[in-house]
Every structure is written in C-alpha cells, then in structure tokens.
Amino acid sequence: MNAPHVLVVEDEQRLARLLVSYLLAAGYRASAQHDGLAVQATVAAGDVDLILLDWMLPGMDGLSLCRLLRANSDIPIIMMTARAQEEDRLDGLDSGADDYICKPFSPREVVARVRAVLRRRPSGTPQPGLQIDDAGMRAFVHGKEVALTPVEFRLLKLLRDAPGKAMSRDDLRSWVYEDRRIVHDRTIDTHVKNLRRKLEEAGLAEAISAVYGVGYRWEARSALQP
C-alpha cells in the first residue's frame, strides 16, 4: 500500500521544500504547490491524503481555499499561519480545518501533527470526495464514476456549486430544463431521489437534504461512507 500523500501548499518555497524533506524522511509521500488556485485540480485527481495549507497565499487565500475544499471533500487540512490570535485560530477551524499550527514552528512538530491527524482517520478508507468533470458531464465519488443522466448531472452541479443554499423546485426546474418545458414538482422530486440513491450507493451519503416547503439543499459537510 502506498504511503499517504501530503500536499504542502505554501508560497515560501524554502519552507515548502523543508517540510517536504521532513515528510519524505518520515515515510510519507509529499509534494508542494505555491499557488492556491492550482490546488483544486490536484485534489480532484484523487491522490491527496492530507493538506498542509498556508493561510496567506497568492491567487486564493488559504481560508477561502479551505472553505471551498470543504464543500466537496473531507480530506484532512492543517492550517499553517503566523496569525496566532484566538480569533484567527477559530476562523481557521470554523472554515473546516482539522488542526491549526502557528508559525514559527518546528518541522518535526508539523510531522507529528500530520501523523496525529492521519491516525484519527479509519484505516483502509477510500479517498473521500466528489469530483465533477464539467466538459465530460461526468461525476466521480471515491475516484469511481457515477452513471448519471444529463438531468441528474445538471441537478448535481447546481446543488454542489451552492453548498448550504436551499434551492427551490422552480430553481432546479429552470436549470435542468433549458427549454422551459412544463414539469411537475413530482418530476423534480423523482430526479433528486434517483440522484441521491446513486450518490449513496457510491458512498456519498446524506449529501442532499430536503428543505420542507422549499426544495433541496447540498450539505457541505456531507457524510462520506467507505
């Protein structure tokens, strides 16, 4: 079995190289990226087991990136920052980070934090997360494709792109049926029911919840089952 892959997202390249070298010495696979905008594609490829994420990054700051990643995945994230105030630490944890480490730090401490966070994860659990291929109109859960109809794919994308937002049946209907045909609410309900079933069978449970009297909502911290 391959060692866990730790992605170091840090714009200070000297520090990034130092952390990568310590992680490699500790038996992990490790790589570095220096721009927040590039991280999403790396995570979507499905070969990242933990992210060491710097708060201050070019392109997209670490806090925003953490929230974005959390909308689609529960990959462990350890925030790294020189912002040591309690409010800053709470902001980092509230954004979905699993741990928080303040600069300056010892690389050995970082490795220990990585080991502790990975230890808390169930062994043998597939890499969680949902990836969407817009161009190919395909969706993947745990790296395996989920067979969706075009309507189901459009529903999934609309809900996933607005985590936590209650979407009315009218919103869903106008999005998935571009010709504005007359479609009953029960038709939308059936499509959502089929989409939820397929996601659950693939291992992504409770991702879509019903909002009484309104429609449906994508749960940003949805439960992922092995």
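A salt bridge here is a side-chain nitrogen of Lys or Arg within 4 Å of a carboxyl oxygen of Asp or Glu. Glu-145 and Arg-138 make one of these, with their closest N and O atoms 3.8 Å apart. The model is a predicted one, so local features need pLDDT of at least 70 and side-chain atom pairs count only at pLDDT 80 or more, while totals for chains, interfaces and linings use all residues. Residues are numbered from 1 along each chain as its sequence is written, and side-chain values use heavy atoms, with hydrogens and water left out.

Now for the salt bridges as a group. Side chains of opposite charge can pair when their charged atoms come close. A search of the whole structure turns up 13 salt bridges. To say how open each partner is, buried means under 20% relative accessible area, exposed means over 50%, and partly exposed is in between (1.4 Å probe, protein chains only). Glu-145 is partly exposed at 47%, and Arg-138 is partly exposed too, at 36%. Arg-160 pairs with Asp-161, N to O, at 2.9 Å. Arg-160 has a relative accessible area of 13%, so this residue counts as buried, whereas Asp-161 is partly exposed at 43%.

Another pair is Arg-113 with Asp-99, whose closest N and O atoms are 3.2 Å apart. This one links distant parts of the chain, 14 residues apart: Arg-113 belongs to helix 5 (residues 107-119) and Asp-99 to strand 5 (residues 99-102). Helices (H or I, at least four residues) and strands (E, at least two) are DSSP runs, numbered from the N terminus. Arg-113 has 24% relative accessibility and is therefore partly exposed, while Asp-99, at 19%, is buried. Elsewhere, Glu-10, Glu-12, Asp-54 and Lys-103 are tied together in a network of salt bridges.

Lys-103 also takes part in a feature of the backbone. Most residues other than glycine have a negative phi, and most peptide bonds are trans. The bond from Lys-103 to Pro-104, though, is cis, with omega near -5°. Pro-104 sits in the loop between strand 5 and helix 5. On the other side of strand 5, the loop that follows helix 4 (86-94) holds Ala-97. Ala-97 is buried, at 9% relative accessible area, and its C-alpha is 9.5 Å from that of Ile-75, 22 residues away in sequence. Helix 5 itself contains Leu-118, which is buried at 16% relative accessibility. The C-alpha atoms of Leu-118 and Pro-4 are 8.5 Å apart, with their positions 114 residues apart along the chain.

Next come the open and closed spaces. On a 1 Å grid over the protein atoms alone, a cavity is a set of points where a 1.4 Å probe fits but cannot get out, and a pocket is an open set with protein on both sides within 12 Å along at least five of seven lines; lining residues have an atom within 4 Å of a point. Grid points are joined across faces, edges and corners, and a volume is the space filled by probe spheres set on the points. The second largest pocket holds about 320 Å³ of space. Its lining has 15 residues, with Gln-40, Ala-44, Asn-72, Leu-130 and Arg-160 nearest the centre. Helix 2 (39-44), helix 3 (62-70) and strand 6 (130-133) are the elements that each give two or more residues to this lining. Domain 1 (5-120) and domain 2 (130-218), with bounds from an automatic or database domain assignment, both give residues to the lining, so the pocket lies between them. By class, the lining has 8 nonpolar, 4 polar and 3 charged residues (Ala, Val, Leu, Ile, Met, Phe, Trp, Tyr, Cys and Pro count as nonpolar, Asp, Glu, Lys and Arg as charged, and the others, Gly among them, as polar).

As for cavities, the structure holds 3 of 30 Å³ or more. The second largest of them contains about 40 Å³ of space and is lined by Arg-196, Leu-199, Glu-200, Leu-204, Glu-206, Ala-207 and Ile-208. Helix 8 (residues 185-202) gives the largest share of that lining, 3 residues.

Leu-199 and Ile-208 turn up again in the largest nonpolar core, where they are among the residues that touch the most other members, as is Leu-130. Such a core is a set of buried Ala, Val, Leu, Ile, Met, Phe, Trp, Tyr and Cys residues joined through side-chain atoms within 4.5 Å. This one has 25 residues, and helix 6 supplies the largest share, 6 residues.
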